[in-house]
Amino acid sequence: MQPGLRAAFAGAALALGAAVYQPPAKAAEISIACGALGVEFQLCKEGAEAWAAESGHTVRLVNTPNSTTERLALYQQLLAAGAEDIDVFQIDVIWPGMLANHFIDLRPYSNGAEAEHFSAIVENNTVDDKLIAMPWFTDAGILYYRKDLLEAHGKTVPETWQELTETAAAVQAAERAKGNDKLWGFVWQGKAYEGLTCDALEWIDSFGGGAIVDAKGKITINNDKAAAALDMAAGWVGTISPPGVLNYAEEEARGVFQSGNAVFMRNWPYAWAPANSADSPVRDKVGVAALPKGGPDGKNSGTLGGWQLAVSKYSANPEAAASLAMYLTSAAEQKRRAITGSYNPTIASLYQDEEVLYANPFFGSLYDTFTSAVARPSKIAGAKYNRVSNEFWNATHAVLSGKMDGATSLAQLEKKLKRISRNERW
Amino acid sequence: MTQQTLSPTAPAKAKAGGALSLSRSRVRAAWLFLAPMLLVLALVAGWPLARTIFFGFTDADLSDLANYEFIGFANYLEYDEGEWYGLLTDPEWWNAVRNTLVFSAVSVTLETVLGLIIALALNASFPGRGILRAAILIPWAVPTVVSAKMWGWMLHDQFGVLNDMLMGLGILSQPVAWTADPQLAMSAVIMVDVWKTTPFMALLILAGLQMLPSDCYEAARVDGVHPVKVFFKVTLPLIRPAIMVAVIFRLLDALRIFDLIYVLTSNSADTMSMSVYARQQLVDFQSVGYGSAASTLLFMVIAVLTVVYIVAGRVNLGEGGR
């Protein structure tokens, strides 16, 4: 934090290092922060340990909060303090703009490997002509449904949100009449956090209501289509969705769906592997489709998510850390993660790989959903994105919890976003 | 004080020089003994406070703390192209202030009343009193983050034990989302805080009760005064100083509430306190300048309220312990 002090310390460390310096060949310990949604932590551990065995270094895994919002807060504190506790960070697709200062340029270590990955993600991860993170897996919101329940009640997979609402209500009522009184129609992420921004953006975009802020920085959120989308979602709470959905993140929604207590779920692809694991009550009963359209003239829309690996510039062993990041993002490791954990590769050729498609049939059928997902306005809002998203999820949460209707809330949101962006000057 | 006690010795004019140097050396010794404490205070309280106030006048950013510019009062209030910006015009800041005041007023009142009742009960002698006194302190001894997380699970709408019990008793017909429902979230937070800090109030008030002279009570008994009247005419006035000091401790604590709210409801606007707001600006939004300005205002709000309380309540902190 204080350059003078830091320089003094560095000097002292150098002197000390010279005194006790021993020739190389010493193994470094690299810490990596991985998420823990579904089987994520286990996969990360296996991958990192395979790298350790190959390279002779050791790895230490650091547990991080499940909520992206809380994880970002933790990272920001660690990085702002210049802490070297974590060498490799798993960062969200919306963070490169916010955290770029703290990461090293990976180009010297990548040997051009980034060319294999989806170019949109590589571009997203490139800040000031520095590749600050390697794409690890991509994400888009998708719809999970219970094949067995839809079949039993003679329903088809819904094409529009309106159809989903009707189907969910009908199946829920019929099942409850049979005594299955814990069953809900639809679970999703309604807690006031980044996940709600993703869900709400999908509803609004599928209605043709835009993506909050357009590419030129104009705030487009205050429109009738967006308000209609939010009002529709507010109608679910307490009818086809449990009232507690207002405090659900990904894992809470998966908990309800995987115990067999929901007909539909909106979630990321990671939920596929645990839902079909050996001990899952809904094994082989789950289908996956693109999220519904917002009415007949709407479109299917999934929010672009995904995670990258970045190396901290405060790392004591940047070279070993970069080597770990490159190993984990390689095609072989992404293939293993896709097969055992259904994490979407960021390498296009893996979507034609037979083993990957066998484990995740929907990777083929939903390829377009993954490649044309709607992006959150993190590029245009830059360092202010977090504030924009925070206002957006609060405005959405206010509608969902019945405090006000969509139009009122979005009008207020527009004012707040104008404040944040200083009248769209960003 | 040393000089005052020495000066009335009128005939000692000749010795004045000696007395003065004596008093001076005592003053010097006093400063010497105080110095380590003052130094520590300056380091752990003064320096961070000064730094926070200083950052409140800059546009510092968490991602690069070395570079910042001095921007005067712009974090507090600024006029830019026909619009007012800054903390003082931010409705969310005022929402946080209102939440904090509501939380503090309600929770401290409940804790004082409940703490007083518990203290009165524990003041009576009955078998097993020692064990009960220790047991009642348990909620206070559990770290806040742990108890908040524990309550978070107990209040959960799907797996929570509270809903299960209330539904078993037939009070609720369907699960309630205690921490998610905007109408209930603040009440849930207050309930957990009352559960946690009532023992602290009870302990402080009990300490006051234990020091009461027994003769007033004997006199009251001889005169045959009703126990309720004894409580309001004898006990309450006598332990008032202890209660006032206990309340000020709690009030200072409640006004800077952070951990409980953050763990139970994170950044939700329904329960956001001033500290949660400041942290959000500082960490989540990375604006160290704006967040420091919010922290400074938080400090001033607490300072003003404390002064108002001390003046209005005529609290004598010097002998409050009695």
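**Exercise 1.** Find how strand 7 and strand 9 of chain A pair, and place them in their sheet.

*Solution.* Strand 7 (residues 142–146) and strand 9 (residues 262–267) of chain A pair in the antiparallel sense over four bridges, where strands are DSSP runs of E with at least two residues, helices are runs of H or I with at least four residues, both numbered from the N terminus, and two strands pair if DSSP finds at least two bridges between them. This is a predicted model, in which local features need pLDDT of at least 70 and side-chain atom pairs count only at pLDDT 80 or more, while totals for chains, interfaces and linings use all residues. Residues are numbered from 1 along each chain as its sequence is written, and chains are lettered from A and ligands numbered from 1 in the order in which they are written.

Next, look at the sheet itself: in chain A, four strands form an open sheet with mixed pairing, in the order 8-9-7-10. Strand 8 (184–187) and strand 10 (286–289) of chain A stand at the edges with a single partner strand each, so one side of each has no neighbour in the sheet.

Finally, a bridge joins Tyr145(A) to its partner Phe264(A) in strand 9 of chain A.

**Exercise 2.** Identify the residues with the most contacts inside the largest nonpolar core, and the element that gives the largest share of this core.

*Solution.* A nonpolar core is a set of buried Ala, Val, Leu, Ile, Met, Phe, Trp, Tyr and Cys residues joined through C-beta atoms within 7 Å, and a residue is buried if 20 or more other C-beta atoms, placed from the backbone, lie within 10 Å of its own. The largest such core has 183 residues, and those with the most contacts inside it include Tyr144(A), Phe186(A), Phe264(A) and Ile205(B). Its largest share, 11 residues, comes from helix 8 (residues 182–210) of chain B.

Tyr144(A) can then be followed to its neighbours: leaving out residues up to four places away in sequence, Tyr144(A) touches, among others, Phe257(A), Phe264(A), Val286(A) and Val288(A), contact meaning that C-beta atoms, placed from the backbone, lie within 7 Å.

**Exercise 3.** Describe how the two domains of chain A meet.

*Solution.* By an automatic or database domain assignment, chain A is divided into domain 1 (28–139 + 305–366) and domain 2 (142–303 + 375–420). Their centres, taken over C-alpha atoms, are separated by 27 Å, and 21 residues of domain 1 of chain A are in contact with 25 residues of domain 2 of chain A. On the domain 1 side, helix 3 (68–80), helix 4 (96–99) and helix 14 (331–341) of chain A each supply at least two residues.

Key
Buried ≥ 20, exposed ≤ 12 C-beta atoms within 10 Å, placed from the backbone.
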